[in-house]
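Student: Before we discuss this chain, could you show me the sequence and the structure, so that I can ask how each label is earned?

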Amino acid sequence: CPVEISPQRAVVRYGDPVTAKCTTTQTARGIGWEATVGATGMKTDVQSVTWNVSSLTDWTAEPKCYGNFLTEPKQCGKNLIIILYKYPDSVSLSSDSPVDQMVEGIQYQLQCEIKNIAPIQNLTVNWYRGQTLIHNQTFSHNTTRTPGNVSATLLFTPDRADNGQQLTCEAELNLGPEGPQPPPTNQSDPLSITMLLCPGAVPECPLEISPQRAVVRYGDPVTVNCTATQTPRGMGWEAPVGSTGMRKDVQSVIWNVSSLTHWTAEPKCFGNFNTEPRQCRKNLNIRLYKYPDSVSINSGSPVVQMVEGRQYQLQCEVQNIVPVQYLTVNWYRGQTLIHSQTFSHNTTRTPVNVSAALLFTPDRADNGQQLTCEAELNLGPEGPQPPPAKQSDPLLITLKALRSIGLSSEDCPIQIRPSRLVVRYGDPVRAECTATQPLRGMGWEATAGPTGMQIVSQVVTWNVSSLTDWTSEPKCFGNFYQTPKQCEKKLTIVLYKLPDSVSLNQTVQMVEGRQYQLQCEVQNIAPVQYLTVNWYRGKTLIHSRTFSHNTTRTPVNVSATLLFTPDRADNGQQFTCEAELNLGPEGPQPPPAKRGKPVMITVLYKPVFTSTGPTAVQVPPGTRIFLNSSADGNPPPTFEWKYSSASRVQVTTNRDTSVAAVTVNSEADAGAYTCIAANTEG
């Protein structure tokens with residue numbers, strides 16, 4: 001469309017003025033602005049027109065610059081993108097429970113209440129502790145354009161470092177590069193945090209455990225020391241094994257177990273004190289592990305015959321291991337690591353069996369190689385180094401000595417011409433296979449046209465008079481005196497069929513600005529993988545869709561959708577859809593295509609004035625003046641003239657023009673004469 005709007009996007013504060021200019025880049029019969037406020041009507045003999053509003057307060061404003069032209073496009077328009085914004089009336093912070101005093105470790109739900117802000121889509125709520133940003137939340141999913149109220153939640157768990165700090169929330173409007181910089185913000189009043197000191201929470205428990213974390217093999221001994229950093233009345237260990245009871249007159253106590261076999265052991269060191277905290281405890285973090293009883297690859301045999309290029313699923317069976325959370329199963333080809341799998345999501349603390357899968361596709365380099373799998377426990381820096389691991393017995397791979405096994409098709413000494421064929425369903429097809437070294441015999445395997453093995457000949461032809469097998473995959477094979485003793489190559493065939501029919505669903509009457517879903521129905525076409533559905537408005541391509549993900553080889557029905565929003569320029573246009581098969585350079589050129597019957601679109605749209613008379617005129621008494629107004633709309637508009645007290649007015653109207661003939665005899669005939677054009681759309 002040969003009109004340009006500057007700026008293309010306007011960010012305007014509610015109630016502020018706004019100006020945008022629309023310029024044509026080719027000669028126009030007339031241009032103008034359509035808008036709920038500031039509409040200009042159509043201006044003739046101008047190259048530009050300005051939309052100007054002294055105070056923008058319409059939240060749904062979507063001004064559109066349109067032009068009528070002597071050449072194509074006869075009529076078109078462009079929208080000005082407007083973001084109308086408003087600062088919130090208030091921003092405040094509240095809570096679901098009293099927060100004048102908070103307890104360390106308890107979670108509080110704080111609410112930031114933002115009143116009467118727009119647009120919410122561009123809002124970010126920021127939470128601050130002092131001057132530090134601790135959380136933010138956006139609302140980009142909310143496309144409401146009018147002012148609304150927003151409530152943003154912060155789940156806040158205070159600790160002692162928060163005592164005396166202030167929390168605030170802030171509403172920030174991020175309106176893009178065209179908006180005010182920095183982005184406008186409104187902040188709540190601060191909320192001061194006062195920590196409530198509770199026994200066991202503040203001050204910190206004066207006990208130290210060494211080591212803080214113990215990694216122990218199942219059945220091994222374990223020893224951990226607990227020391228008080230202030231004089232206790234008594235201290236000790238609680239545990240399902242190795243409890244000490246409370247010891248008095250000591251500064252430290254040892255938890256000692258000669259053979260740890262309790263999977264859920266969670267020993268705690270506790271202390272009783274004369275001052276705060278009166279009583280507290282600390283947990284020892286224990287990781288009890290066990291090597292697996294066995295690790296094996298479930299093949300049923302230490303030697304496995306495989307076929308090159310086929311995929312196999314191998315299982316590594318790990319029996320009776322713990323903790324699975326720290327297990328890694330490694331797969332090796334010889335000494336080379338080829339795959340690893342972890343199980344960090346499994347937090348089971350007791351022994352379990354684990355099965356880890358490997359999808360393996362062998363090639364000739366794998367012939368004679370050994371595969372192994374290994375269970376490795378990565379228990380962290382406190383665990384044994386290197387990490388303990390147990391490996392399966394090796395699995396020996398041998399590749400079957402069958403046709404094409406042991407070498408790729410590229411190394412097979414036969415050539416197929418052509419290497420790729422594109423054939424219309426039911427047409428004849430022919431391909432030649434030639435051996436490039438002496439051979440015992442060669443031939444074609446195929447569901448149609450097999451030759452059997454031909455002795456002596458260096459060339460053999462595959463020939464079918466009418467190809468109708470959708471799954472046809474002919475192979476040329478050869479038996480040779482030297483290596484390779486036997487191999488084969490495939491002929492790539494694309495069998496295609498044009499559709500029985502292509503049709504467009506009959507949605508012929510539309511309303512400007514509404515979205516419609518048009519369906520192109522393509523019946524009985526193959527292969528869909530090479531199909532492109534093209535949509536045309538007149539002779540102009542407006543949309544294409546491909547189906548390359550669908551590898552079905554047999555004929556199917558396809559439905560392709562076009563989401564279409566018409567405007568007045570589409571009225572009377574013809575729409576068609578086309579099924580095109582792009583079969584590659586070996587296929588027919590240009591690509592075969594079939595079009596549906598065109599559908600003519602009728603677009604209903606509200607009237608727009610295309611020409612008007614002068615805005616003011618002075619005439620002497622006794623003069624007869626003709627006031628002209630033309631409007632374009634569908635259905636054709638009706639015209640109504642409004643004026644004050646004139647009595648000698650004669651109105652003549654045809655399809656798109658109305659003329660008011662006014663005889664001016666006195667002051668009573670003077671005043672404003674307004675023409676209104678209306679139809680069912682506005």
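**Disulfides, salt bridges and a core**

Tutor: Let us begin with Cys205 and Cys280, whose disulfide is right-handed because the torsion about their S-S bond is about 75 degrees. Cys205 lies in the loop between β19 (195-196) and β20 (207-210), while Cys280 lies in strand β27 (residues 279-283), so the disulfide ties together parts that are 75 residues apart in sequence. Please keep in mind throughout that this is a predicted model.

Student: What makes Cys205 and Cys280 a disulfide?

Tutor: Their sulfur atoms are 2.0 Å apart, and the cut-off is 2.5 Å, so the pair qualifies as a disulfide. By this rule the count comes to nine disulfides.

Student: How do you know that Cys1 and Cys76 belong in that count, and what is the handedness of their link?

Tutor: The sulfur atoms of Cys1 and Cys76 are 1.9 Å apart, which is within the limit of 2.5 Å; with 80 degrees about the S-S bond, the link is right-handed. Cys1 sits in the segment before β1 (3-6) and Cys76 in strand β8 (residues 75-79), so that distant parts of the chain, 75 residues apart, are linked.

Student: Why is Cys1 called partly exposed, and why is Cys76 called buried?

Tutor: Cys1 has a relative accessible area of 42%, which falls between the 20% and 50% limits and therefore counts as partly exposed. Cys76 has a relative accessible area of 12%, which is under 20% and therefore counts as buried.

Student: Which handedness does the link of Cys22 and Cys65 have?

Tutor: That link is left-handed, with -80 degrees about the S-S bond. Cys22 lies in strand β3 (residues 18-24) and Cys65 in strand β7 (residues 64-69), so the pair ties together parts that are 43 residues apart in sequence.

Student: Turning to charged pairs, what makes Arg537 and Asp570 a salt bridge?

Tutor: The closest N and O atoms of Arg537 and Asp570 are 2.9 Å apart, and since the cut-off is 4 Å, the pair counts as a salt bridge. Arg537 lies in strand β50 and Asp570 in the loop between β52 and β53, so the pair ties together parts that are 33 residues apart in sequence. At 28% relative accessibility Arg537 counts as partly exposed, whereas Asp570, at 3%, counts as buried.

Student: How do you know that Arg349 and Glu266 form a salt bridge, too?

Tutor: Their closest N and O atoms are 3.1 Å apart, within the 4 Å limit, so the pair meets the rule. Arg349, at 35% relative accessibility, counts as partly exposed, and Glu266 is partly exposed as well, with a relative accessible area of 41%. The structure holds 17 salt bridges, and Glu34, Lys64, Glu512 and Arg568 are linked in a network of them.

Student: Which residues have the most contacts inside the largest nonpolar core, and which strand gives the most to this core?

Tutor: The largest nonpolar core has 32 residues, and those with the most contacts inside it are Cys520, Val522, Leu531, Val533 and Trp535. Among the elements that give two or more residues to this core are β49 (516-525) and β50 (531-537), and β49 gives the most, with five residues.

Student: Finally, why is Ser392 called buried?

Tutor: Ser392 has a relative accessible area of 5%, which is under 20%, so the label buried follows.

Definitions and conventions. Residues numbered from 1 in each chain as written. Predicted model: local features only at pLDDT ≥ 70, side-chain atom pairs only at ≥ 80, totals over all residues. Heavy atoms only, no water. Core = buried A, V, L, I, M, F, W, Y, C linked by side-chain atoms within 4.5 Å. Buried < 20%, exposed > 50% of the residue type's maximum accessible area, 1.4 Å probe, protein only. Helix = DSSP H or I, 4+ residues; strand = E, 2+ residues; numbered from the N terminus. Salt bridge = Lys/Arg side-chain N within 4 Å of Asp/Glu carboxyl O.
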